[in-house]
Amino acid sequence: MSEALKGVKILDFTHVQSGPTCTQLLAWFGADVIKVERPGTGDITRGQLQDIPNVDSLYFTMLNHNKRSITIDTKNKTGMEILERLVKTCDVLVENFAPGAMDRMGLTWERIHELNPRMIYASIKGFGPGPYESCKVYENIAQCTGGSASTTGFRDGPPLVTGAQIGDSGTGLHLALGIVTALYHRTHSGKGQRVTCAMQDGVLNLARVKLRDQQRLAHGPLTEYSQYGEGIPFGDATPRAGNDSGGGQPGRILKCKGWETDPNAYIYFITQAPVWAEICEVIGEPDWAEHPDYATPKARLPRLNEIFARIEQWTMTLDKLEAMEILNKYDIPCGPILSMKELAEDQSLRETGTIVEVPHPTRGAYLTVGNPIKLSASPAKVERSPLLGEHTDEILTSVLGYSADDVVAIKASGATEPKRKAAE
C-alpha cells in the first residue's frame, strides 16, 4: 500500500493550531512536511500549556505529527537563501502568520511565483478582504465573528463558544481540501496558485444551517425551536436554541441515572417521526402513538417540552449506555454524552486508529487523535512530532543538496542556530 501524497513536499510556515492542523493532515496522507521554525524557540506552542517541565507540550505534539523540523533565521542572509532554495524545491507553501508577515519577510506571492511557478501558496487568515482583514484572530474570535457563538447557548443566556475547535482546526481542514484541489489542478495546468481560507468563512460554512434559519424567519416562526412551543415570539435574527436539534427532527439532551453526581450522565434523544410509535412504547405512553395531540410531528411541536419531560422520566431510570442499548434496538436515534476520559479509554477507537498512543523521546508516551479520514489503499501511520531542529542537517543535505562543509558554514553564519560566542 502506498501513501496517497507521497512525493509532495510541503514548506510549512505554520504555527499554533489552524495551520498545523492542515499540514498534519497532509503529512498523515504521506506528504513530506518540512516545518520551518525559529532557532532556539520554535513554534510557540512547544512551551504553551506544558504539563511536564522542559519538554514539548501536548499542544505542540498533537498538532505536528509526521513532520520534519528545520530551524532557519529568516533575518539572516544565508537563512533567506536557504528559504528560497526550499521554495524552489517544494510543491506547497502553507502559512498562517498575521496579515503582511510573509510580505515583510520578502516572500510575496510574486516572489514565490517567480522562484517556483508551480508552487501552491496556501494561507489562513482571520478575515477575507473587507473592513476586518488586518485584524488578528484566534479560535474564539472566529467563532464569535462567524455566526457560531450568536446561535450557541440558551435563549435567556449569553452567547457561548463551543469546545470543538471549529475556528482553528475547522479552517485548517478547509485549507487542506483547497491544497489538494490545487495540486490536482496543477496536474493539467502546470502552474501553482494562491489558496486562501479565512477563519470567519470557515466557521460560517460550518454554521450554515443557522443562515438557513435566518432566511426562514422571514416566512414565519421556526417551529422546531423550543420557544415556538412556549409561545415566545421570535426576533429578527436566528436565536440561540439550547440543545434543540439543528435539523427538522426535534432533539434534546436528557438526564440519565446518576446525573446528580456525574456531569456527563446524559443522553441526546431525537424524536424521529418514523419511530414515534416505538418511542411511545419504550417510555410507557403507547396511547400517544395515535392520540391527535401527539400522533403527528406538527401536533407535537407545541408540546415538545411536555414530551421531552416525559422521555426524561424514563431516561433517568437508566444508565446512559443502558438507555442507548435499548433505544438502538428500536432504531431510535440517540447518543450518550461521552467525556474525554471515556473516549480516551474506548478500545474500539484505538482499534480504528482514531485514538493513538505515540512514543516520544523526551516526554514519554501520550495519546493523540489519529487521522479521522480512513483511506482503504493508503492507511495513515501516526509518527511523533519532531524535536526542534531535529532534521535541519538532513534537510540541508538530502533535500537541498548542501555538502557537509556547506552545513558547517551555514551553522557558523547563524542561519540555522544561534551563533556561539567566542571563548574569552
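## A charged patch, a buried arginine and an enclosed helix

Aspartate 319 counts as partly exposed because its relative accessibility is 31%, and partly exposed covers values between the 20% and 50% cut-offs. Keep in mind, as you look around, that this is a predicted model.

Where does aspartate 319 lie? You can find aspartate 319 in the loop between α13 (304-315) and α14 (320-329). Together with Asp262, Glu322 and Glu325, Asp319 forms a negative surface patch.

Now turn to arginine 252, which is placed in strand β7 (residues 251-255). Is arginine 252 buried or exposed? At 14% relative accessibility, arginine 252 counts as buried, because buried means under 20%. The side chain of arginine 252 has polar contacts with the side chains of aspartate 244 and asparagine 305. Here are the two contacts:

| Side chain | Partner side chain | Polar contact |
|---|---|---|
| Arginine 252 | Aspartate 244 | 3.1 Å |
| Arginine 252 | Asparagine 305 | 2.9 Å |

Last comes helix α1, made of residues 18-28. Why is helix α1 described as largely enclosed by the rest of the structure? The reason is that 11 of its 11 residues are buried. Among the buried residues of α1 are Ser18, Gly19 and Pro20, along with Cys22, Leu25, Leu26 and Trp28. In general, an α-helix has 3.6 residues a turn, so residues three or four places apart point the same way. Just after α1 you meet glycine 30, which takes a positive phi of about 110°.

Notes:
Residues are numbered from 1 along each chain as its sequence is written. This is a predicted model: local features need pLDDT of at least 70, side-chain atom pairs count only at pLDDT 80 or more; totals for chains, interfaces and linings use all residues. Side-chain values use heavy atoms; hydrogens and water are left out. Patches are made of residues with over 30% relative accessible area and no salt bridge: like charges are joined within 9 Å, nonpolar side chains (Val, Leu, Ile, Met, Phe, Trp, Tyr) within 5 Å. Accessible areas come from the Shrake-Rupley method with a 1.4 Å probe; for residues, only the protein chains shown count as cover. A salt bridge is a side-chain nitrogen of Lys or Arg within 4 Å of a carboxyl oxygen of Asp or Glu. Lys and Arg count as positive and Asp and Glu as negative; His and the chain ends are not counted. The place of a charge is taken as NZ of Lys, CZ of Arg, CG of Asp or CD of Glu. Helices (H or I, at least four residues) and strands (E, at least two) are DSSP runs, numbered from the N terminus. Buried means under 20% relative accessible area, exposed over 50%, partly exposed in between (1.4 Å probe, protein chains only). A polar contact is a pair of N or O atoms within 3.5 Å; within protein, one must be able to donate a hydrogen and the other to accept it, and residues adjacent in sequence count only if both atoms are side-chain atoms.
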